[in-house]
Structure formats: C-alpha cells, structure tokens
Amino acid sequence: MSSNAFAQLEQEYNEREDYLAIRADERQVKPSIDPCPFCGHDDIEVDEIEIGIIAICCPECMCIGPHQDGSQSVELAIKKWNRRK
C-alpha cells in the first residue's frame, strides 16, 4: 500500500472518529422529560416501540406517549410528551 493511500485511510478514520464523538455528545444532550401526566411518576423512559418509532413511556402506569407512523426523533417524542397535561 502506498503511503498516500495509507494517509488517506488514516484521514478517513480520524474523520469517522470525530463524527462518532460528535454524535455521542448529541445523544447525551436530551431535553428534560416531564413526569407522567396521569400518575405523576417521574422516572420516564424513552422507548422504540417499533422500528423507527420512538415514544415516551411511563413504567408505572404503562402510559405510552404520542407517537406517529414513520420515524420521529427522540427530541420530537419528548416535545410531544411534554405538551400533554
């Protein structure tokens, strides 16, 4: 393998590592989730109820928050959950 090809592979590897680090940081910064509007339980879970369909769920009363057909982000699911009163 030529040194140019090795340098290109190393650059691609470093770019990928940077990308993964940024995505990991983004996943850690999530908006806060309000307590369950039905039972008040505050240990609410983010769950993928089907492939690509995210919903917020209360493990205490088994309430499943708003979701939609198709994919939605975790942030959108939390925003919908927090609108419920």
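Which residues does Cys 63 touch, not counting residues up to four places away in sequence? Hello everyone, let me start there. The answer is Cys 36, Phe 38, Ile 56, Cys 57, Cys 58, Trp 81 and Arg 84. Several of those names will come back as we go. Please keep in mind that we are looking at a predicted model.

Let me give you the outline of the chain. There are 2 helices and 2 strands, and reading along the sequence you meet them in the pattern α-β-β-α. The chain has 85 residues, and 19% of them count as buried. Its accessible surface comes to about 6400 Å², and carbon and sulfur atoms account for 50% of that. As for contacts with a separation of 6 or more, 24% are between residues 24 or more positions apart.

Now the strands. Strand β1 covers residues 45-50, runs antiparallel to β2, and is joined to β2 by 5 bridges. If you would like one pair to find on the screen, take Asp 47, whose bridge partner in β2 is Ala 55. The two strands form a hairpin with 2 residues between them. Look at Gly 52 in the turn, where phi is positive, about 80 degrees.

There is another positive phi to point out, this time in a residue other than glycine: Met 62, with a value near 65 degrees. You will find Met 62 in the loop between β2 and α2. Is Met 62 buried or exposed? Met 62 is exposed, because its relative accessible area is 63%, and the cut-off for exposed is over 50%.

Let's move inside. In soluble globular proteins, nonpolar side chains tend to be buried together. Here, the largest nonpolar core has 9 residues: Cys 36, Ile 44, Ile 54, Ile 56, Cys 58, Cys 63, Ala 77, Ile 78 and Trp 81. Two elements, β2 (53-57) and α2 (74-83), each supply at least two residues of this core. Helix α2 gives the most, with 3 residues. You will notice Cys 63 in that list, along with some of the residues Cys 63 touches, including Cys 36, Ile 56 and Trp 81.

Let's stay with helix α2 for a moment. Which residues of α2 are buried? They are Ala 77, Ile 78, Lys 80, Trp 81 and Asn 82, and the buried residues of this helix pack against β2.

Two members of that group are worth a visit of their own. Lys 80 counts as buried because its relative accessible area is 14%, below the 20% cut-off. Setting aside residues up to four places away in sequence, Lys 80 touches Pro 66, Gln 68 and Gln 72. Asn 82, also in helix α2, has 18% relative accessibility and therefore counts as buried too. Leaving aside neighbours within four places, Asn 82 is in contact with Ser 32, Ile 33 and Asp 34.

Just past the helix, in the segment after α2, we come to Arg 84. At 22% relative accessibility, Arg 84 counts as partly exposed. Which residues is Arg 84 in contact with, leaving aside neighbours within four places in sequence? Those are Pro 37, Phe 38, Cys 63, Ile 64, Gly 65 and Pro 66. So Cys 63, our starting point, turns up here as a contact. Phe 38 and Arg 84 are 46 residues apart in sequence, and their C-alpha atoms are 9.6 Å apart in space.

With so many cysteines mentioned, someone will ask about disulfides. How many are there? The count comes to 0. Cys 36 is in no disulfide, and the nearest cysteine sulfur, that of Cys 61, is 3.6 Å away. Cys 36 is buried, with a relative accessible area of 4%. Why is there no bond between Cys 39 and Cys 58? The sulfur of Cys 58 is the closest cysteine sulfur to that of Cys 39, but the distance is 3.6 Å, which is too far for a bond, because a disulfide needs the sulfur atoms within 2.5 Å. Unlike buried Cys 36, Cys 39 is partly exposed, at 36% relative accessible area.

To close, here is the route again: a hairpin made by β1 and β2, a core to which α2 gives the most, and Cys 63, which touches residues including Trp 81 and Arg 84. Thanks for listening!

Note on methods. Residues are numbered from 1 along each chain as its sequence is written. This is a predicted model: local features need pLDDT of at least 70, side-chain atom pairs count only at pLDDT 80 or more; totals for chains, interfaces and linings use all residues. Side-chain values use heavy atoms; hydrogens and water are left out. A nonpolar core is a set of buried Ala, Val, Leu, Ile, Met, Phe, Trp, Tyr and Cys residues joined through side-chain atoms within 4.5 Å. Buried means under 20% relative accessible area, exposed over 50%, partly exposed in between (1.4 Å probe, protein chains only). Helices (H or I, at least four residues) and strands (E, at least two) are DSSP runs, numbered from the N terminus. Contact means heavy atoms within 4.5 Å. Accessible areas come from the Shrake-Rupley method with a 1.4 Å probe; for residues, only the protein chains shown count as cover. Two strands pair if DSSP finds at least two bridges between them.
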